[in-house]
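Me: I'm new to reading protein models and I keep tripping over the vocabulary. Can we go through this one, with me asking where the words come from?

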Amino acid sequence: MGNTDSKLHFRKAVIQLTTKTQPVEATDDSFWDQFWAETSTSVHDVFALVPAAEIRAVREESPSNLATLCYKAVERLVQGADSGCPSDKERQVVLNCTRLLTRILPHIFEDADWRGFFWSTVPGAGRARHLDEDEDAEARPLAESLLLAVTDLLFCPDFTVQSDKRSGQDTVEDVHSIDSCEYIWESGVGFAQSPPLNYVYDLNRTELLKLLLTCFSEAIYLPPFTDAKNLNPWVSFFCSMENRHALPLFTSLLNVVCAYDPVGYGFPYNHLLFSDHREQLVEQAVQILIVTLEHEGGSAAGTAVQVLDATAAVSTAESVGPDNLFVNYLSRIHREEDLSFILKGLARLLNNPLLQTYLPRSTKKIQFHQELLILFWKFCDFNKKFLFFVLKSSDVLDVLVPVLFYLNDARADQSRVGLMHIGVFVLLLLSGERNFGVRLNKAYTLRVPMDIPVFSGNHADLLIVIFHKIITSGHQRLQPLFDCLLTVIVNISPYLKSLSMVAANKLLHLLEAFSTPWFLFSSPQNHHLVFFLLEVFNNLIQYQFDGNYNLVYAVIRKRNVFHHLANLPSDGTSIQKALQKTRKSKMSRSSSTENESMPGSRPAEPAEPGKLKTSLEATPGIDTITEKTQVSENGLLVVVPHSAAVDVGAVGGANDTESNSERDPEVCLTDSESCRSQMSSVSSSATTCSASSNWVTSWKAKLPLQTIMRLLQVLVPQVEKICIDKGLTDESEILKFLQHGTLVGLLPIPHPILIRKYQANAGTAAWFRTYMWGVIYLRNVDPPIWYDTDIRLFEIQRI
C-alpha cells in the first residue's frame, strides 16, 4: 500500500506541475519536495508517471516551472553530495532526483532553444562553495554543478563505496576531503585492493552513471556534421582538470569492466535464479567509457586536416594532451601487468557468447559485445603500447576468434550492419601490423559454433573462409565492406606460411566471381577487387611459396581464370554484350525468390517483428581510411606518397592494387558510392555508369599477372608430364611434388611488400560517433531513455 500511495503522490505532483500556468517560486519547498522527498519511486515508475507529452507541455507552456524543477533537482543533488548522504532518506532523495533528471534531460536537449539552459548560471551555485565572496560573479553553470555533484556521489561512503571509517566513529566522512583514489571500485589498473561486492552500491552507481550518460547524450540531438569547434561540453568538462575525481573514476570504470566475469564460479543456470547487478553496472561503465573517449567530439574535420598535414607528427595522445583526461590516462597505461589485465578482461567478455556446455543455455551470455569492440578499438587506436602488447603473443587470437564469430553470425541480419563494420574495422587496424599476420599461422583447434566448412588449418584459414562467406552469402548492404575485407587479406598475405586447401579454393572462387566480364564492366569500382586478389596471390607466391603448395595447386587447377582475365575483351561490342547479359540475369533473378549464394549458405534473414535499428553514416572508401606503407630492406615501414604509388607498383613484378587502379581520370563518370552495388544487383549501376573501351584498357594493362603467368608457364607442363608419365589420378602425389618444388630464379624480382594501415579521418570519426550512439540508444530501452525524442544524429527505423 505504501508504495502505491507514493506513486499516487508523485503522479499528483506531476499533474499539479503541468496544470499550473503561473510560475512556482523556487522557495516553495513544500511543492518541489513532492517530487523527491515524499516519494519512493523506481526509475521505471518515473518513466511511467512522467509522460513525454506532459514534459513537452510544461516546456512550451510553463518554461519557468520546468527550469525551476531542473534547478531544484540539481540543488538537491549538490546538497546530497555536500552532506555525504548520511541517512536513508537523503539517499532516497538523491536517487529520486537522479531518476527525474534522467527522464527530463532528453526532452530539454531535443529543443534547440533549451539546449543552452544547463550552461547558464543560476543564483546560489558558486564555484567556491566555502568562500565568502560574491557568488554571482563566480557562478557555475548548472551543468557543471550537476556533473561535479554526480562525481562526488559516485565516491560517497556508505552510498556508492564502502566506508573507511573506524568502528565506533559516528561522524560522517567529508566527501570533499576524502581521497577518492582510495575508494576505487575494483582492483586492477593502479589499484590492488578488491573491495567487497555490495549490490546496493552497484545499483546506486548504475543509476548515477545512467544520468551521466543522459547528460552526454546531447550529441545525438545535433546533425552528424556540426561545427568543428562545437565539442560536447558535457564530456569536455567531465574529462577536464575541473573534475577532481577524473583519475579514480576512469580507473573504477575500466577495472569494473575488465574484472567482470559473467560466469564466475557459479553452478549451471545460476543467472536464471539470481539477479546480477554487477552486469548492469558493467554495461553502463563501458558505455560511459566509449563516450568519454571520443575525444574528437565535433572536431572530425579538424582531425582530417591534421591527418592530411604531412608535418603533423605528434601522436594522438600528445595532440589531445590534458584536454581529455580520460584519453590521456588511457594513452599512458604501460605496465605489462596492467596491459595483460585489460586484454584478458576484454577477451574474456568477448568470448563469453561463444561458450558452450553440455547443458543448453546454462551459462550467462552478455549482450554488450558491440560496446566492448568499440572500447578495444579505442585502446588500440590511442595506446600503441597496448596494440603492440596485443600483437606480441598469440593472445590476439582470443580477440580474433570472437570477432570472426560475430561477423559470421551477423552477416545475414540487416539490422546488424554496424556490428559488421566495427568488426571489419578492428581487423583492418590489426592487419596493418606485421605481427598480426605472423600470429595467424597458429593452428586453429578451438571449435566455435559457426556454420562454415570443416577444415584443418590455422587461424588465417578461418579468417579467409569467413570472409568468403560474408562476401558470397551476406546481404546487399555489405558491399561497401568488400574493399576492407580484401585489404585485410592483402595485408596478412605476405606472412601466411601455409593455407589449407579449403581456404585456397575460397580465394580462387572469389577471383573467379569477381573477374567475370559482366561484373567487371557493371561498376567503376569492381575491378579494384580483382587487383586486391591478384596482389594476395602475388604475395603468397613471392614470399611464402614453399609452404603454400595447396594454393599453387588451386591456381594450376583454375588456370583458365587467369588466362581469361589476361585475355579480357575490351572492345565496345564485347562490353555491351556483357552488360546485356547482366540485365537479363537480373531480370531472371527478380522473378525468383532465391538469391545466388554458395552451397550451404543462408540468404538474408528478415528481422524480428517490431525490431528497431539506427541508420549509419556512409562507409568511407578504403583509399581514404588507409595509408600505404612499404616494407624496406631493413624491415622498417616507409610511408608511400600518394603520387608515387603508381611508380612503386609499376617497378615491381606485381603491381600495387590501389596504386595502379586508383581513381584514374578516365575510370568513371560517377561517384564511387553511388555506383557500388551488390553482385546480385549490379545492373542498377550499369545504367548509371557507362563502361568504355578506353576505360577497360586503362586498367586491364595494369593487371599484375606477370608472376602468376610465369608460375603457370613453369609448373603446368611439369605437372602434366608427371600425371602422364605416372598415370596419376590422386592429387596427393601432385601436392607432394609441389611441396618439394621451387621457383627460385624463375619468378620476376619480388615486389616490395605494401601494407595499408588504417588512418583516421573525418569520415571514420563521423561513422564511429553515429554507430556508437546508435548502439547506446538501442541498448538503453529499459527504461527507454531517448525513445520517441527528436534525435538528429541518426534515424530510427522499425523493421
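Me: What makes up the lining of the second largest cavity, in terms of nonpolar, polar and charged residues?
Reply: That lining splits into ten nonpolar residues, one polar and one charged. Keep in mind that this is a predicted model. Among the lining residues are V14, L17 and F35, along with T18 and E54. Val, Leu and Phe count as nonpolar and Glu as charged, while Thr falls among the others, so T18 is put down as polar.

Me: Which elements give two or more residues to the lining of the second largest cavity?
Reply: Those are α1 (2–19), α4 (52–61), α5 (63–83) and α6 (88–109). The space inside the second largest cavity comes to about 100 Å³, and the structure holds five cavities of 30 Å³ or more.

Me: How much space lies in the second largest pocket?
Reply: About 920 Å³. It has 31 lining residues, and the closest to its centre are Q367, H369, Q370, R416 and K611. Sorted by type, the lining gives twelve nonpolar, ten polar and nine charged residues. The largest share, five residues, comes from α38. Among the other elements that supply at least two are α17 (369–382) and β3 (612–614).

Me: How do you know that the length of α17 agrees with what a helix of 14 residues should span?
Reply: You work with 1.5 Å a residue, taken times one less than the number of residues. For α17 that gives an expected 20 Å, and the end C-alpha atoms are 20 Å apart, so the two agree.

Me: Why is α17 called largely enclosed?
Reply: Buried means under 20% relative accessible area. In α17, 14 of the 14 residues are buried, so the rest of the structure largely encloses this helix.

Me: What makes I575 buried?
Reply: The cut-off is under 20%, and I575 has 1% relative accessibility, so it counts as buried. I575 sits in helix α29 (residues 572–590). Leaving out residues up to four places away in sequence, I575 touches F521, S570, A691, S692, S693 and V696. I575 and L520 are 55 residues apart in sequence, with 9.6 Å between their C-alpha atoms.

Me: Why is D788 called exposed, while D158 is called partly exposed?
Reply: Exposed needs over 50%, and partly exposed lies between 20% and that. D788 has a relative accessible area of 52%, so it is exposed. D158 has 28%, so it counts as partly exposed.

Me: What is the sign of phi in D158 and D788?
Reply: Positive: near 70 degrees in D158 and near 65 degrees in D788. Most residues other than glycine have a negative phi. As for where they are, D158 is in the loop between α7 (142–153) and α8 (199–216), and D788 is in the loop between α38 and β7.

Me: Which kind of peptide bond joins D782 and P783?
Reply: A cis one, with omega about 5 degrees. P783 is in the loop between α38 and β7 (796–798).

Me: How many disulfides does the structure hold?
Reply: Zero. To be counted, a pair of cysteine sulfur atoms has to lie within 2.5 Å.

Me: And are C258 and C484 buried or exposed?
Reply: Set them against the limit of under 20%. C258 has a relative accessible area of 1%, so it is buried. C484 has 2%, so it is buried too.

Definitions and conventions:
Residues are numbered from 1 along each chain as its sequence is written. This is a predicted model: local features need pLDDT of at least 70, side-chain atom pairs count only at pLDDT 80 or more; totals for chains, interfaces and linings use all residues. Side-chain values use heavy atoms; hydrogens and water are left out. On a 1 Å grid over the protein atoms alone, a cavity is a set of points where a 1.4 Å probe fits but cannot get out, and a pocket is an open set with protein on both sides within 12 Å along at least five of seven lines; lining residues have an atom within 4 Å of a point. Grid points are joined across faces, edges and corners, and a volume is the space filled by probe spheres set on the points. Helices (H or I, at least four residues) and strands (E, at least two) are DSSP runs, numbered from the N terminus. Buried means under 20% relative accessible area, exposed over 50%, partly exposed in between (1.4 Å probe, protein chains only). Contact means heavy atoms within 4.5 Å.
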